[in-house]
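Work through these short exercises with the structure in view. Try each task before reading its solution.

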Amino acid sequence: MLISITGKLGSGKSTVCNLLKDRYGFEIYSTGAFQREVARSMGITTLELNKRLREDPSLDYVIDDKVKQLSIEKAEEKLIFDSRMAWHFAVKSFKIFLTIDPCEAARRVMKNQRGCEEFYADEKEACDKLIERSQVEQARFMQIYGVDYYDFNNYDLIVNTTSRTPDEIIEIIMNAYESYVNDEASYSRKIFN
């Protein structure tokens, strides 16, 4: 069974994915890592890349096609899509959205800077840039796909990670995931604020 994890910037998606990989043997396909690699190769920030993608979404289409292909090829495997839009393109997956307070997201990102393609001088700049990047991405997704990325109706599980530890988040995810896998027909969306 496939899982797609998305959410707000700095919400802990990568941490959660890595814990699920280490503890439960999931493979990870990260579109964010791919985009950071592209930004790095172009000598620009991820925010600048997102702005360029609004004018030329060809990279988005490559990523979307890869997600769809992998979701078909690995439908019976333990695969996590760490991706903004995999929930929309994976043929079938358990869809998770992680949310967080922007100030807490900035604090977390400052502790785990990702190089020149995603660098912030201080928490205030990090918060401002994360909010701006989220707005640019949301506008891009609406323009290209006509979907509201922040509409919780798109997801099977919504978890606010602001005051939760990674272990608590993993426990919530695995309990909901097991319920979904065991009885998908009667599963209803779960929200943990």
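**Exercise 1.** At what angle do helix H2 and helix H4 pack, and how far apart are their axes?

*Solution.* This is a predicted model. Start by finding the two helices: H2 covers residues 31–42, and H4 covers residues 58–73. They pack at an angle of about 150°, and their axes are 11 Å apart. Next, classify the angle. Angles over 145 degrees count as roughly antiparallel. Therefore H2 is roughly antiparallel to H4. Last, add the handedness: H2 passes H4 in a right-handed crossing.

**Exercise 2.** Which residues in H2 and H4 meet? Then sort the contact by class.

*Solution.* Take H2 to begin with: Thr31, Phe34, Gln35 and Val38 take part. On H4, their partners are Leu59, Asp60, Ile63 and Val67. Now sort by class. The contact of H2 with H4 has five nonpolar residues, two polar and one charged.

**Exercise 3.** Where does Lys78 lie, and which residues is Lys78 in contact with, leaving aside its neighbours within four places in sequence?

*Solution.* Locate Lys78 in the loop between H4 and strand E3 (79–82). Check its exposure: the relative accessible area is 42%. Partly exposed covers values between 20% and 50%, so Lys78 is partly exposed. Then list the contacts, with neighbours within four places in sequence left aside: Met1, Tyr24, Gly25, Phe26 and Glu27. Look closer at Tyr24. Its backbone oxygen lies 2.4 Å from a polar atom of the Lys78 side chain.

**Exercise 4.** How many residues apart in sequence are Lys78 and Tyr187?

*Solution.* In sequence, Lys78 and Tyr187 are 109 residues apart. In space, C-alpha to C-alpha, Lys78 and Tyr187 are 20 Å apart.

Notes: Residues numbered from 1 in each chain as written. Predicted model: local features only at pLDDT ≥ 70, side-chain atom pairs only at ≥ 80, totals over all residues. Heavy atoms only, no water. Axes fitted to C-alpha atoms, helices over the stretch in contact; angles between N-to-C directions. Helix = DSSP H or I, 4+ residues; strand = E, 2+ residues; numbered from the N terminus. Parallel < 35°, antiparallel > 145°, perpendicular 65-115°, else oblique. Left-handed = near helix turned anticlockwise from the far one by under 90°. Contact = heavy atoms within 4.5 Å. Nonpolar A, V, L, I, M, F, W, Y, C, P; charged D, E, K, R; others polar. Buried < 20%, exposed > 50% of the residue type's maximum accessible area, 1.4 Å probe, protein only. Polar contact = N/O pair within 3.5 Å; in protein donor to acceptor, adjacent residues only side chain to side chain.
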